[in-house]
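Here is a walk through one protein model, written for someone new to reading structures. Have the 3D view open and follow along.

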Amino acid sequence: MQRLLAESLLLSAEASLAAPATPSDEALNVLIGFEDRFADQPELIGQAMRLRILVYQDTGQLDRAAAIIPEYIGRDPENAGAILQGLLKTLKREIEQAEQQGLEEQAHRKAQDALLVARSLYEWAASDAAALPRAAQLALKLEYGEALLRARQPEQALQLFESVVQEDAAGHPDGRARNGRAVFGLAESYFRCGKPAQALPHFNRLYAETAENSDLWWKAFLREVQCRMGLDQDPRTLYNLIRQKRAFFPEMGGLEEEFKQLQVELVRQRDG
């Protein structure tokens, strides 16, 4: 009887969440006290927590969603992957929006939540419940490394990306890693750790070997210029490098503002 009652409450909460005209938080009201009332139904408690996370995500309470993730994974490991990936995607979108609006502290807080979700996903991926192929596990590991960078933890990110790049390189006869996302993560970690000399060769390689005018190509070029500036290379040469690139690609890969700021700084260095 208790199980039937619990299942009916879950169905009611799910219906509330799915109904366009119904406020999402009504599903939370249905689930008040669920864990205490149905403590002998651990499987259903996991389903209730899944619904709570979805409601929190739907109502923008992403910090509350992130807070219950560790317990949720333990109770509902089979469904955790899809739920967490959806939550992480939402968080990344909100971080990007906050950064575009210049809301740095808000972006940083959301980055901390995203880090918790990404770490939980990474740990879940290694569990027996996940049963993920190696490529999927690698993708979640890279996601975790990128979350570390967003959360301003480049030293930890550096360790993670170093291990990924080394493992990738070991699988090729020439000893060179092929995963561009991992190589960029390694270079970006060096850059954010204040090590432009170590970052530059990796950015240079990505720029040389990545498809022209791709997002990764432009990001690598931007960082290559910044690394060279950090190494006090000739500002006139670097200024002209950007100017020449603009002649062929006026939109500068969507990074026009960033390159303009670099040119302003290069003029200051040249004239200083």
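Which residues line the second largest pocket? Keep in mind that this is a predicted model. The lining is made up of Tyr122, Ala125, Ala126, Arg134, Gln137, Leu138, Lys141, Val164, Glu167, Asp168, His172 and Asn179. The elements that each give two or more residues to this lining are α8, α9 and α10. Of these, α9 gives the most, with four residues.

**The two pockets**

Now bring in the largest pocket and put the pair next to each other.

| Pocket | Volume | Lining by class |
|---|---|---|
| Largest pocket | about 1500 Å³ | 10 nonpolar, six polar and 15 charged residues |
| Second largest pocket | about 280 Å³ | five nonpolar, three polar and four charged residues |

The largest pocket is lined by 31 residues. If you want to find the middle of it, look for Glu99, Glu188, Arg192, Lys219 and Arg223, which lie nearest its centre. Two or more lining residues come from each of α7 (77–100), α8 (104–125), α9, α11 and α13. The largest share is from α13, with seven residues.

**A closer look at helix α11**

One of the helices that helps line the largest pocket is α11, so it is worth a stop. Helix α11 runs over residues 180–192. How far apart are the end C-alpha atoms of this helix? They are 18 Å apart, and that agrees with the 18 Å expected for 13 residues at 1.5 Å a residue.

Much of α11 is hidden from the outside: Ala182, Val183, Phe184, Gly185, Leu186, Ala187, Glu188, Ser189 and Tyr190 are buried. What covers these buried residues includes α9 (134–150), α10 (154–170), α12 (196–209) and α13 (215–230). Glu188 is a name you have met already, as one of the residues nearest the centre of the largest pocket.

Check the two ends of the helix as well. At the N-terminal end, Asn179 acts as a cap, with a side-chain oxygen 3.1 Å from the backbone nitrogen of Arg181. Asn179 is also one of the residues lining the second largest pocket. After the helix comes Gly194, which has a positive phi, near 75°.

**Arg150 and Arg152**

Next, find Arg150, which sits in helix α9. Is Arg150 buried or partly exposed? With a relative accessibility of 24%, Arg150 counts as partly exposed. Leaving out residues up to four places away in sequence, Arg150 touches Leu88, Lys92, Ile95, Ala111, Ala114, Glu143 and Arg192. Take Lys92 from that list: Arg150 and Lys92 are 58 residues apart in sequence, yet their C-alpha atoms are 9.4 Å apart in space.

Arg152 is found in the loop between α9 and α10. Its phi is positive, about 65°, although Arg152 is not a glycine. Arg152 counts as partly exposed, at 47% relative accessibility.

**Asn213 in its loop**

Move on to the loop between α12 and α13, where you will find Asn213. This residue is partly exposed, with a relative accessible area of 41%. Which residues does Asn213 contact, once neighbours within four places in sequence are set aside? They are Trp218 and Phe249. With Trp218 there is a polar contact between the two side chains, at 2.6 Å. For Ala197, which is 16 residues away along the chain, the C-alpha separation from Asn213 is 25 Å.

**Arg246 and Met252**

The last stop is helix α14 (residues 235–248), which holds Arg246. Beyond its neighbours within four places in sequence, Arg246 is in contact with Met252, Glu256, Phe259, Lys260 and Gln263. The side chains of Arg246 and Gln263 are joined by a polar contact of 2.9 Å.

Met252, one of those contacts of Arg246, lies in the loop between α14 and α15 (256–271). Met252 has a positive phi of about 50° although it is not a glycine. Where Arg152 is partly exposed, Met252 is buried, at 0% relative accessibility.

Terms used: Residues are numbered from 1 along each chain as its sequence is written. This is a predicted model: local features need pLDDT of at least 70, side-chain atom pairs count only at pLDDT 80 or more; totals for chains, interfaces and linings use all residues. Side-chain values use heavy atoms; hydrogens and water are left out. The expected span of a helix is 1.5 Å times one less than its number of residues. Buried means under 20% relative accessible area, exposed over 50%, partly exposed in between (1.4 Å probe, protein chains only). Contact means heavy atoms within 4.5 Å. A polar contact is a pair of N or O atoms within 3.5 Å; within protein, one must be able to donate a hydrogen and the other to accept it, and residues adjacent in sequence count only if both atoms are side-chain atoms. On a 1 Å grid over the protein atoms alone, a cavity is a set of points where a 1.4 Å probe fits but cannot get out, and a pocket is an open set with protein on both sides within 12 Å along at least five of seven lines; lining residues have an atom within 4 Å of a point. Grid points are joined across faces, edges and corners, and a volume is the space filled by probe spheres set on the points. Ala, Val, Leu, Ile, Met, Phe, Trp, Tyr, Cys and Pro count as nonpolar, Asp, Glu, Lys and Arg as charged, and the others, Gly among them, as polar.
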